[in-house]
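Colleague: I'd like to go through this model with you and ask what stands behind each label. Could you start with the terms?

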Amino acid sequence: MNGRMFGGALLPPFRFANLSMDARYATPQKLFSGEMQFVVPLFQRSYSWKLKQWKALWDDLKQLPDLEAGRQHFIGSVVMHPTNTVPTGVSKYAVIDGQQRLTTLFILLIALRDTARAAGNERLAERITDNYLANKYAPAHERYKLLPTQADRAAFRQLADHAPGTEAVPGLISEAFDYFRHRLGAWVGNEPGQAEDMLRLILERLSLVSITLNDDDDPYLVFESLNAKGMQLTAADLIRNYLFMKIHPDQQDDLNERYWMPMQSALGDSLTAFIWHYLMRNGGNVPQSDVYLSFRKATAGREVAEVLAELARYAPTYARLLNPELETQRGAVQRAIRRLHRTRLTVAYPLIMRLYDQVRHGGQLAEATLLAVFDLLENYALRGFIARRGVGGANKSMQTLATRTNHLDQQPEALLADIRAYLATQNYPSDADVYTALQEQPLYHHAGERHTRTKLLLDTLEADLNPKETVLLSTLSIEHIMPQTLTASWRADLGEAAERDHQQLLHTLGNLTLTGYNSELSNSPFAEKRKHYAGSNVGLNAELAAAPAWNAAAIRERGVRLAHRVLARWPSFAPDLVEEADTPHATSNRPTAVVLRGQRQAVGTWVEVATATAHLIAETSGPDLWIRLQEAKPGYFTQQAHLLRRPKLLPDGWYYEGNSDSEGHRRNCRLMLEQAGIAETEWQVETTG
């Protein structure tokens, strides 16, 4: 065994965590004699024993005089690893396990020393200090035989030095000292010899198993195993422990202060998420449950100081992603991060962190390029949200994007072109998809991500109308012009189809605006709301003040105008890849027939294409098909014809909304095929062109 062998009876070879090491019984007298220092690494928890443990140890000590002579009391094990190979001087050992009992023994000895001194036995006090607490002739940083973890050092040194006039450092170490000092004082009383007896009990009658690892053993494997059933550690905790176990204790303070503590302070509970995203900054997939092992693999063979320095470089960048207020030098970037938060596209953090870090540290990536990347990601997220593509599947896309662009960071035009081209292939909605969704699909939701994104969309449209920002957007809320609860007045305004129009149009873009008086307006008649809109500084409300009435036609007309603004604000990445027939203004060739799995049915309009497709599908599908379709598009499939503007009869007593354009009917046909489990290749529409 390399390193110092502590005295005591040699136990059989000890096997643990696939390692072979030597173990010996040892008393505190043998363990603490000689020139050595037990170093509790920074990664270990601070001292945590309390009254329950102190009392148990004290009760055991009091019973020892009544036991047969020479009988020892076993108090546990201490696992150590030699951290230097210097043949002379102070030998240092990192305490892998057992730091709580080891620290308590030293506190007990300090309390006994002070008790002996108070009883007038200065000789005993000096012997305890010189032989068991301190390395008498060692330099200051090696003077104490125990060097606790950093959080406990000030308290331990104050007790060990016994400096007159100094106040105790609050904490468990001082509390433990007070506990033992009080009980030792009562034990010794006016009989100084009692202090000598207690010292012998502590040094000779207590016993431990002293386990010292070999130099070529991996102490962290032992640490992982010993702590597997202890306090749950985060991946960041494990990574910190792993890194600091690899470096000499003499370096730990410096590297901890320089690198780890600033990261811990800046990121707090987000430290694990930061390391997770750091690992994916250049691409690839790291499961969130596998951060620790992935980190070990990614940093294998690298110097700890180098790894810590790199982490510490990226950490402030990541902190700014979490809290845009920290970005005080680049106002446009701060605003872009805020907008990214509102899109909820957090899966893009690894890519953004990599690019943003280069801007912050004077790399060749310009701030304008970073802002352009923010714009592309926002475009992708919001168009997907509008067309109900979501961003749930964006995780893999962002990982791939980080991988394929990591060699383009210094080529801004190529970088932006690659991002644009790739995202255009990732379930990216066409202009027709966005346009149709804004007309037909509910945009608003009262809470959650949909509400946040809808507010961002409306805020952006308002800012474009009102670039001088005469209103503070954060003070405005989303207002339904036609209210969520219909009153008699509103039913009269909407006419006979009030229920149908309310169901179909309530949450669409055409019926939404911004106001600072949402609760006041509530269900007020449109005539009263219009007066408020006339006096509003909100640009979106200017046209509402001039509207003679608010009904289905007005909502649809406004929806068309706003949809065109949305398409102009977030234009398609690849308009050249979208067929002209898929654009909102395209004119389609006239359909002549629908063919499904060899069956052909003549048609003359696109609404007939939809109804003919429905009838052909119904021949091989069950009635639950219509229920699924209603759940997917309640405004188009229903059993209540009066809710539709142009109801078209379908099989099984269901109706289809015939009021749509050609692209809308094509999309609904594709939905029917999808719900029926029929491949689109088995369906064709014959046209005149």
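Modeller: Sure. Buried means under 20% relative accessible area, exposed means over 50%, and partly exposed is in between (1.4 Å probe, protein chains only). Helices (H or I, at least four residues) and strands (E, at least two) are DSSP runs, numbered from the N terminus. This is a predicted model, where local features need pLDDT of at least 70, side-chain atom pairs count only at pLDDT 80 or more, and totals for chains, interfaces and linings use all residues. Residues are numbered from 1 along each chain as its sequence is written, and side-chain values use heavy atoms, with hydrogens and water left out.

Colleague: What makes strand β7 count as mostly covered?

Modeller: Seven of the seven residues of β7 (residues 206-212) are buried. L206, L208, S210 and T212 point one way, S207, V209 and I211 the other, and all are buried.

Colleague: And which way does β4 run relative to β7, parallel or antiparallel?

Modeller: Parallel: six bridges join β4 (residues 73-82) to β7. Two strands pair if DSSP finds at least two bridges between them, so with six bridges these strands qualify. V78 stands opposite S210 in β7.

Colleague: Why is N541 called buried?

Modeller: Because its relative accessibility is 0%. N541 lies in the loop between α24 (526-534) and α25 (542-545). Taking contact as heavy atoms within 4.5 Å, and not counting residues up to four places away in sequence, N541 touches T513, L514, Y533 and S536.

Colleague: What makes α19 largely enclosed?

Modeller: Nine of the ten residues of helix α19 (residues 431-440) are buried, so the rest of the structure largely encloses it. Among those buried are D433, Y435, Q439 and E440. The cover over the buried residues of α19 includes α16 (367-386), α22 (498-505), α26 and α29.

Colleague: How do you know that the span of α26 agrees with what a helix should give?

Modeller: The expected span of a helix is 1.5 Å times one less than its number of residues. For the 18 residues of α26 (residues 552-569) that gives 26 Å, and the end C-alpha atoms are 25 Å apart, so the two agree. The buried residues of α26 include I555, R558, L562 and V566. At the start of α26, a side-chain oxygen of N551 comes to within 3.3 Å of the backbone nitrogen of A553.

Colleague: What goes into a nonpolar core, and which residues touch the most other members of the largest one?

Modeller: A nonpolar core is a set of buried Ala, Val, Leu, Ile, Met, Phe, Trp, Tyr and Cys residues joined through side-chain atoms within 4.5 Å. The largest has 67 residues, and L243, W260, F274, I275, F295, I352 and L423 touch the most other members. Helix α13 (residues 304-322) gives the largest share of this core, ten residues. Leaving aside neighbours within four places in sequence, F274 is in contact with M263, L267, L311, Y314, A315, Y318 and M353. A second, separate core of 53 residues includes I110, Y144, A155 and A176.

Colleague: Why is the pair D254 and R258 called a salt bridge?

Modeller: A salt bridge is a side-chain nitrogen of Lys or Arg within 4 Å of a carboxyl oxygen of Asp or Glu. The closest N and O atoms of D254 and R258 are 2.3 Å apart, so the pair fits that definition. The two are four residues apart in helix α10 (residues 249-267), which means about one helical turn between them. D254, at 40% relative accessible area, is partly exposed, and R258, at 45%, is partly exposed too.

Colleague: How many salt bridges turn up in the whole structure?

Modeller: A search finds 41. One of them joins R597 and E682 (3.1 Å, N to O). This pair links distant parts of the chain, 85 residues apart: R597 sits in the loop between β10 (591-596) and β11 (599-602), and E682 in the loop between α29 (662-676) and β15 (683-687). Salt bridges that share partners also join R113, D114, R117 and E122 into one network.

Colleague: What makes the phi of R597 worth flagging?

Modeller: Most residues other than glycine have a negative phi. R597 is not a glycine, yet has a positive phi of about 50°. D652, in the loop between β13 (647-649) and β14 (655-657), also has a positive phi, near 60°.

Methods
Polar contact = N/O pair within 3.5 Å; in protein donor to acceptor, adjacent residues only side chain to side chain.
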